[in-house]
Amino acid sequence: MGEGKPAFKKAALALNGGPTDELVVTLGCQLAMKSGAELVAIHVIEVDWSHELSDELTEENEAASAVLDQAEGIAEHFKVKISGDLLQAREVAAALVDEAIEIGADAIILGLPYRKRFGGDFAIGGTIPYVFQNAPCQVVVAREPMPSAPRVEMVPPAVKIATPVGTGSSAGPSGGLSGWSLRNRSRGNGRKNEEH
Amino acid sequence: MKPWLHGRRPGDRRVRVERPHAQFFRYAGPGTLVAREAASAPRTRTGRFLRDFRHVLLGRALSIHEEIEERLTKKKALAIFSSDAISSSAYATEEILRVLVLGGTAALFLSLPVAIAIAILLAVVSTSYRQIGYVYPNGGGAYAVARANFPTIFALIAAGSLLVDYIMTVAVSTTSAVEQVISAVPTWNDWRVEIGVVAVLLIMVGNLRGLRESGNIFALPTYLFVGSALLMIGIGLMKVLGGEGVPPPNPVPGQPDPLEPLGILLLLRAFAGGSVALTGVEAIANGVPAFKPPEPRNAATTLTAMAILLAVLFIGITFVADSFGIVPIDFPATRTVISQVAAVSFGENTVAFYLFQAFTALILFLAANTSYAAFPRLGAILAHDGYMPRVFSFRGDRLAFTSGIIVLSAVAITLIVLFQGDTHALIPLYSVGVFISFTISQAGMVKHWIREQGSKWRLKLGINGLGMILTGTVAIVVFLAKAPTSLLVAVIIPLLVLMMLFIHRQYEASARSLKVRDDIVIPPPRREERVIVPVPGITRAVVQAVNVGRSIAPDIRAVLISDEPEAAAKIRDRWEKQIPDVPLVIVESPYRALVGPLLAYLDVLTQQWPDDREEPITFVVIPEYVARSWWERILYNQSANRLRAALIGRPHTVVVNVPYRPEDVHDVDGAEVIPQTQPRPS
């Protein structure tokens, strides 16, 4: 992501209805605003083996669709072109990378949540390492701010990037995005929803 | 069916889930959807054509999120808000001279004292408006000030005056701009009305496209005009000091002495004419929220700068015109006073002269444009308060108040045509409205200070009180001196006030009748329902309407109005065989009327209803054929339209249209076939 060179032309935003979604979308929009890049918000519903992959998971689909719609709402504020992509797969990470390849994305942006329990730690899970190892494009991880980190007010759309990011690593605090919650309150049926 | 997608590894399969709503709506929260542009897209070919045409003319539709609110710096605000006031210096001197010239050449020397008197008035008014900016930082238009301090009627008088003011700003600024053009190119004199009309139409289209006043392009003409006008005055002064001016003439015997009664009247009329220079002074106080913080202070500074600039330009132009004995020329073509001053200073037909004329025309067109922000906004506020039709508060595709813009343009164009593009003829209408709104807002401030008091309130009260007395006096002087044309305003403003009161009363009445108490739980309907289906015979459309009627209530009957008893009898036979569970009532109509007998039948049903039971709701279910094109609309549904028009507003009656489309065939397909009776062998 050198100076004067667009960060990407098309980025896949990995969303899961978790606390880092708005961070991921905002970051994607801020980067895309500069270069006029296109964003594709991807939500993968992980289908366990008790269901067929193509089963109608109405409740999950509605919740995931709402997450994608709200991501589009944020992108509208930034005047960034975005589309939503809702998938069902057995494994989130593989589906994410495969979809990113298929849509021709040259960047994948994921969120890394911070868990306050047990003294607090970043929940890196399995998705991020898989994407690091298998994505043929650049990977950007936006970490959730730690409770002690200073919060930066963001005023769309004239915001400057307030979220230092690392390529292939986590870094930096992020802004307060009150009122833009993308959290999926109706996560259903105990289905797995690993942090992307 | 979900499309299957394969990943890089054999087991990595995924399916894409279709999101059918995504094309038209975006989920925004529990139970809330946001419509996308596609949801508003027209579905017919004609609609799409009109949409495309509108997009070419006005630009693509803007979302409310695309509204830009830009705060203005003092320099930019001075240019944008002052164009109306500063541009009036282009014709104010001329208005003085047009009156004084009637008193002979000796009276012309009074133009400078009159201009100075108007400049003093300007100082008082602008000081008063500075205070309004501080007290009403949300935009202290005369309407807002009057609404806060006086009974509604005064606020409406202020609103009416402002509406007239804004309309006149468009008409006067445009005609004056055209006169500047004609002064440079006299051969265009015959086209003055047409040029004015086209100019207004162009400004209208620009504003319907959502023209933003905040762009630098709007600041440029003001500074170009101010710069070139100051240069022109400077050169003119140097020429006067160099002895090039015309010496003041000696009084000619027989001409009125300016200090005699006739002369005083002349002087007052000259003052009234020149006071048009003050129009537009209120714009800055009205636009305080558009300034960068601290808004009131920046607005006050800008207002002072504007008043000083206007006074310098006005007095300077008057002085140079006076020094060179310049008077307005109307024949063979219009030569405005300012164009003659420019010719004296820059030289006739020089590049500088033409440039100055262009800058003058530009600032005048810009002044006309300022009303396109103010008039629709005031219209929207009045509509919001229930004093104007609600359509004035609706914003079009480009976030502009479309109705206000169109009405403003239409009235301004009418005035330009009626007055043949003559600025001088329009000005009497202009000044009266402006000074009425000045007076009301100053009076409102006087009441404000008496009520609120606060620090140095007596001084502030004194300033606004002086402003009120002066502007009120000038309003009376202008009204009397500009009679009989000014009398029109005395008719127009009360008419506008009456119209606004009438609209408000209507809205209040409808709101009262529609109000639902907020402390009750709405019970389900208790009244009985019956269905009437007017039918012309048995068709697929009728069958569909009857089926819809069956789903509404079991008490259903079809009514056939016919002037051919034999044909009606045949229809009854067929009806009883094919739709036996719905009774058919045949109403013979020997006078061939359709609507009247049906209404009479409904009245009879009502009269027959038992008195001890609440009257039922009557659903009149009208079958309609869906017209695919404009010519089909002529061919079909004329009777249905007449019926609907007659039934709308009938008590306890609901009209249900059941459109039939050729693809709606399922209602009759698959129906049981009536066994045919074999004819007996003879």
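**Two chains, one shared sheet edge, and a few unusual backbone angles**

Let me start at the beginning of chain B, where strands E1(B) and E2(B) form a hairpin with six residues between them. The two strands run antiparallel and are joined by three bridges, and within that pairing Leu5(B), in strand E1 (residues 4-6), has Arg14(B) of E2(B) as its bridge partner. Please keep in mind throughout that this is a predicted model.

Strand E2(B) also takes us across to the other chain. Which strand of chain A does E2(B), residues 13-16, pair with? The partner is E3(A), and the pairing is again in the antiparallel sense, over three bridges; one of the bridge pairs sets Gln88(A) against Val15(B).

Turning to the interface as a whole, 20 residues of chain A and 16 residues of chain B take part in the contact. On the side of chain A that touches chain B, the elements that give two or more residues are helix H2 (58-78), strand E3 (82-89) and helix H3 (92-103), and among these it is H2(A) that gives the most, with nine residues. If we sort that side of chain A by residue class, we find seven nonpolar, eight polar and five charged residues.

Before leaving chain A, I should say a word about confidence. Its mean pLDDT is 74, and 70% of its residues reach 70 or more, but over residues 152-196 of chain A the pLDDT is below 50, although this stretch has 106 contacts in the model beyond near neighbours in sequence. Where pLDDT is low, the predicted coordinates should not be read in detail, and I would ask you to look at those contacts with that in mind.

Now to chain B itself, which has 682 residues, 42% of which count as buried. Its secondary structure comes to 22 helices and nine strands, and of its contacts with a separation of 6 or more, 77% are between residues 24 or more positions apart.

One example of such a long-range approach involves Phe81(B), which sits in helix H2 (residues 74-87) of chain B. Is Phe81(B) buried or exposed? It counts as buried, because it has 30 C-beta neighbours inside 10 Å, where 20 would be enough. Leaving aside neighbours within four places in sequence, Phe81(B) is in contact with Ala283(B), Ile284(B) and Gly287(B), while its C-alpha atom is separated by 8.7 Å from that of Ala367(B), 286 residues apart along the chain.

In soluble globular proteins, nonpolar side chains tend to be buried together. Here, the largest nonpolar core has 154 residues, of which Leu122(B), Ala159(B), Leu310(B) and Val341(B) touch the most other members, and the largest share of this core, 19 residues, comes from helix H6 (residues 152-184) of chain B. Taking Val341(B) as a closer example, its contacts beyond four places in sequence are Met232(B), Gly236(B), Ile317(B), Val320(B), Ala321(B) and Ile326(B). Apart from the largest core lies another, of 59 residues, which includes Val24(A), Ala89(A), Val97(A) and Leu110(A).

Let me next take helix H15(B), which is mostly covered, with 25 of its 30 residues buried. At 1.5 Å a residue its 30 residues should span 44 Å, and since the end C-alpha atoms are 43 Å apart, the expected and modelled values agree. Just after H15(B), however, Gln453(B) takes a positive phi of about 55°, and this brings me to the backbone.

Most residues other than glycine have a negative phi, and most peptide bonds are trans. Gln453(B) is found in the loop between helix H15 (423-452) and helix H16 (457-481) of chain B, and it counts as exposed because it has 12 C-beta neighbours inside 10 Å. Asn349(B), also not a glycine, has a positive phi of about 60° and lies in the loop between helix H12 (337-346) and helix H13 (351-384) of chain B; with 9 other C-beta atoms within 10 Å, Asn349(B) is exposed.

Finally, which peptide bond is cis, with omega near -10°? That is the bond from Pro293(B) to Pro294(B), and Pro294(B) is found in the loop between helix H10 (283-286) and helix H11 (295-323) of chain B.

Notes. Residues numbered from 1 in each chain as written. Chains lettered and ligands numbered in written order. Predicted model: local features only at pLDDT ≥ 70, side-chain atom pairs only at ≥ 80, totals over all residues. Contact = placed C-beta atoms within 7 Å. Helix = DSSP H or I, 4+ residues; strand = E, 2+ residues; numbered from the N terminus. Nonpolar A, V, L, I, M, F, W, Y, C, P; charged D, E, K, R; others polar. Pairing = 2+ DSSP bridges. Core = buried A, V, L, I, M, F, W, Y, C linked by C-beta atoms within 7 Å. Expected span 1.5 Å × (residues − 1). pLDDT = per-residue confidence, 0-100.
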